[in-house]
Amino acid sequence: MAIGEARPGSAQSGSRPNRLEETMRGRLGRECVYVPSCRFGLFVALRHWCPPGGRVLMSPVNDDVIFFVVLAAGLRPVQAPLNPLDASIDIDAVPEEVWGSLSAVLTTNLYGNPDPAPELRARCDGLGIPLFEDAAHAIGSERGGRPVGAWGDASVFSLSKHAGAQAGGILAFADPDRSEALRSACAELLTPSRATSELAYGVRPYAEAAVRGLRLRRAAWATLRLLGLTEREGIRMPLRPQELAAAADAAPDLTAYDPWVRVDMHDYRLTSGPLRLRRIRRRLERLDEVLAAAREGTELLLSTRWALRREGSAVQPLFRVPLFVADRDAAIAALARRGIVVGYLYDPPLDDYAGEEFTDLSPAPEAARWFARHALPVDPLRAREAVEALERARVRPAEPPERTVREPGGPTPGEGKATSRELGPSRG
């Protein structure tokens, strides 16, 4: 069966998913399957490549939904030590005995900053295990001369982020012979499209525009909380450890973990209807324009005194630019006064959030804790407004961490402090 060709009777039959797949295939140079969400695609990939009970190395500074997807796939999350400048996996700080125990590695590419995919690819090849790339934030980023998402055995993309479609995703993979099996797995897990969901999706942009235009954002959130329609009181969703432990008896099973996996996106496994697909396609057609603007805003934000970056690293069209501030709550308030909402915070790290009952703890958690506590993710499309707001509020930059990621052959963890060369350009 040719890639992009729907199976007879498939829940994704029709031309529009195929056109989305063709667009992403052209960007990545590999096979692509349209899925209703990034999290859905990741579950399918993990189940396809990993044996139940396998161990998956991942970043502790990550969306908790992704953590629950790994658990739903019947796998054990293993939290990695991180580079504190961009929250990418610090390969050399992972103990050798951990490498030898793994069934797979999952990158995060947080905010669009690429993980060290070439080095991870080499490690995974040496171990004979798959590499998965979560490229939800990184649809326009590159590493080692390839797009993010073109290094792993499989990668997943969100069309809700840079494309701004608020729905849809792509599962990409290197081996075209796996296409039929992956499409069949997707079709078995999808739930039927609902007219009410399509209607809600259709009116959502207009409702959100009205809320922004009338400056009712705070009132809208207060109303949702009052009606019990919000699922997060803080940054992390409630863990509910007793229910989570009970769900493990059914794993691998997406339905058993649905109360956690669906948070913030209840239609994550819903078959996409024609309205949704048309809007996604229109948004994807404008992606290069959005990426150009994001790159320009990223460059501006990285030039400020709140930014840290690796010396010589290329400017990527980031989805969010992590600035590092001493008092994040004060910085968030300063941006809110300009109507800039800060989201995509991942604090505390997943090992501190979930504990050793549900995950293997990072052997070097300090960098992740520093990043999670001080990172202020700023939308590069509103870079100038954000800089003005932070300057006016006199927001102070965070003190740099004592050490950064080691270069291959560098000192062992805990030896020495970060130097200005390691931290990159001056913070101003």
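Contact, in this talk, means heavy atoms within 4.5 Å. Keep that in mind, and keep in mind that the model is predicted.

Let's start with the sheet. It is an open sheet of 7 strands, and the pairing is mixed. The strand order is S1-S9-S8-S5-S4-S2-S3. Which strands stand at the edges? They are S1, residues 31–35, and S3, residues 76–79. Each of these two has a single partner strand, so one side of each is left without a neighbour in the sheet. On average, and ignoring direction, neighbouring strands of this sheet are turned by 20° against each other.

Now stay with strand S1. Its link to S9 is antiparallel, and 5 bridges join the two. Find Val35 on your screen: it stands opposite Gly169 in S9.

Look at the side chains next. In a regular strand, side chains alternate between the two faces of the sheet. In S1, Glu31, Val33 and Val35 point one way. Cys32 and Tyr34 point the other way. Are these residues buried or exposed? All are buried. That is 5 of the 5 residues of S1, so the strand is largely enclosed by the rest of the structure. Remember that S1 stands at an edge of the sheet.

Move one pairing along. S8 covers residues 154–158, and S9 covers residues 169–173. These two strands pair in the antiparallel sense, over 5 bridges. Here Val156 stands opposite Leu171 in S9.

Next, the helices on the sheet. Helix H5, residues 117–127, packs on the sheet and touches S4 and S5. The direction of H5 makes about 155° with that of S5. Helix H2, residues 38–49, lies across five strands: S1, S4 (104–107), S5 (131–134), S8 and S9. H2 runs at about 170° to S8.

H2 has a helix partner too. That partner is H6, residues 179–189. The two pack at an angle of about 125°, with their axes 10 Å apart. Why is that pair called oblique? Angles of 65 to 115 degrees would count as roughly perpendicular, and angles over 145 as roughly antiparallel. About 125° fits neither range, so H2 is oblique to H6. The crossing is right-handed. From H2, the contact uses Phe40, Phe43, Val44, His48 and Trp49. From H6, it uses Ala181, Leu182, Ala185, Cys186 and Leu189.

A quick word on cysteines. A disulfide is a covalent bond between the sulfur atoms of two cysteines. How many disulfides does a search of the whole structure find? It finds 0. Two cysteines to look at are Cys32 and Cys124. Cys32 is buried, at 0% relative accessible area. Cys124 is buried as well, at 0%.

On to helix H12, residues 287–302. Thr298 is found in this helix. The cut-off for buried is under 20%. Thr298 has 0% relative accessibility, so Thr298 counts as buried. What does Thr298 touch, beyond its neighbours within four places in sequence? The list is Val315, Gln316, Pro317, Leu318, Val321 and Pro380.

H12 also packs with helix H16, residues 383–392. The angle is about 20°, and the axes are 9 Å apart. The two helices are therefore roughly parallel to each other. H12 passes H16 in a right-handed crossing. The contact is made by Gly297, Leu300 and Leu301 of H12, with Ala383, Arg384 and Val387 of H16.

Last stop: the loops. The loop between H9 (241–247) and H10 (258–261) holds Pro252. The peptide bond from Ala251 to Pro252 is cis, with omega near 0°. Another cis bond joins Asp347 and Pro348, with omega about 5°. Pro348 lies in the loop between H13 (328–336) and H14 (350–354).

Tyr344 lies in the loop between H13 and H14 too. Tyr344 is not a glycine, yet its phi is positive, about 60°. At 31% relative accessibility, Tyr344 counts as partly exposed. Arg240 also has a positive phi, near 50°. Look for Arg240 in the loop between H8 (217–226) and H9. Arg240 is partly exposed, at 29% relative accessible area.

That's the tour. Thank you.

Conventions: Residues are numbered from 1 along each chain as its sequence is written. This is a predicted model: local features need pLDDT of at least 70, side-chain atom pairs count only at pLDDT 80 or more; totals for chains, interfaces and linings use all residues. Side-chain values use heavy atoms; hydrogens and water are left out. Two strands pair if DSSP finds at least two bridges between them. Helices (H or I, at least four residues) and strands (E, at least two) are DSSP runs, numbered from the N terminus. Axes are lines fitted to C-alpha atoms, for helices over the stretch in contact, and angles run from 0 to 180 degrees between N-to-C directions. A disulfide is a pair of cysteine sulfur atoms within 2.5 Å. Buried means under 20% relative accessible area, exposed over 50%, partly exposed in between (1.4 Å probe, protein chains only). Angles under 35 degrees count as roughly parallel, over 145 as roughly antiparallel, 65 to 115 as roughly perpendicular and the rest as oblique. A crossing is left-handed if the near helix is turned anticlockwise from the far one by less than a right angle, and right-handed if clockwise.
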